[in-house]
Amino acid sequence: MGSMTTTTTAKEKLIQAAYELMLPQGYAATSVDQLCSQAGVSKGSFYHFFPTKEDLGLALLDDFFSQSKVHFLGGDYRSESDPLKRLVAFLKQTEGNASMLWSRGCLLGNFSVELSDSHPAVRKRVSEILAGVTNGIAEVFEPIGKLNPDNEDLQPNRLAEAYVAIIEGAIILSRAHDDWSYLQRSLRGFRNYIESLID
């Protein structure tokens, strides 16, 4: 039993080290030696869990998605029974959690830009995760689609895609200008637009 705990802890340490190193400096600039040093594990432990650095990158994406589902698609907004109020509560919750979720950037955006050409398996996983996130958000936007059944741009999937694009674009602006008010303003502006459709 003790060895299983140690094994699990070492794997988790490597994934955490990947977060801490790959978000600020990128995938390519992060070496296996750096990851092992940051995690406090041996190279043997690294290759026991991850045959390649790409395998660690894929595991990191899966972990990122699991955590995002809890913090982004979960939360108190789900307890709101009215669908339109639930949508607004979701948007407000996202604004409130934005700094926690994306203050160091977005792993999906970083990996899609840096690795889409050189690591097709990573690009595929990023695409799958973005599709999963978009589909989850689309469920929340369903009441807007019902209010505007003839407007293709206001259907749930389109709105969800637009919201993801706004988030990713605002993260880039915020990092480029070192000013996270870009993200807050973008999220607030989108919420104001949605609220104008409801009123």
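Read from one end of the sequence to the other, the protein goes α-α-α-α-α-α-α-α-α-α. That's ten helices and zero strands, and keep in mind as you look around that this is a predicted model.

Let's start with the overall picture. Line the protein up along its principal axes and the C-alpha atoms fill a box of roughly 60 × 40 × 30 Å. The accessible surface comes to about 10,400 Å², with carbon and sulfur atoms owning 51% of that. Out of 199 residues, 41% count as buried. As for who touches whom, take the contacts with a sequence separation of 6 or more: 64% of them link residues 24 or more positions apart. On the charge side, there are 19 positive and 25 negative charges, and the mean positions of the two sets sit 3 Å apart.

Now zoom in on helix α2, residues 32-39. Its buried residues are V32, L35, C36 and A39. Look down the axis of α2 and these buried residues all fall within an arc of 95 degrees, so they line one face of the helix. Just after α2 comes G40, and its phi is positive, near 70 degrees.

Further along you get to helix α4, which runs over residues 53-71. With 19 residues, α4 reaches 27 Å from its first C-alpha to its last, close to the 27 Å expected at 1.5 Å a residue. The list of buried residues in α4 includes L56, L58, L60 and L61, along with the aromatic pair F64 and F65. Also on that list are K53, G57, A59 and S68, so don't skip past the lysine when you click through the helix.Next stop is a loop, the one between α8 (142-147) and α9 (156-177), where you'll find D153. Is D153 buried or exposed? With a relative accessible area of 51%, D153 counts as exposed, given that the cut-off for exposed is over 50%. D153 does have company, though: leaving out residues up to four places away in sequence, D153 touches R158 and L159.

One last thing to try in your viewer is the distance from D153 to S174. How far apart are D153 and S174 in space, C-alpha to C-alpha? They are 27 Å apart, with their positions 21 residues apart in sequence.

Terms used. Residues numbered from 1 in each chain as written. Predicted model: local features only at pLDDT ≥ 70, side-chain atom pairs only at ≥ 80, totals over all residues. Heavy atoms only, no water. Helix = DSSP H or I, 4+ residues; strand = E, 2+ residues; numbered from the N terminus. Expected span 1.5 Å × (residues − 1). Buried < 20%, exposed > 50% of the residue type's maximum accessible area, 1.4 Å probe, protein only. Arc of directions from axis to C-beta. Contact = heavy atoms within 4.5 Å. Areas by Shrake-Rupley, 256 points an atom, 1.4 Å probe, with all protein chains shown as cover. Lys, Arg positive; Asp, Glu negative; His and termini not counted. Charge placed at Lys NZ, Arg CZ, Asp CG, Glu CD.
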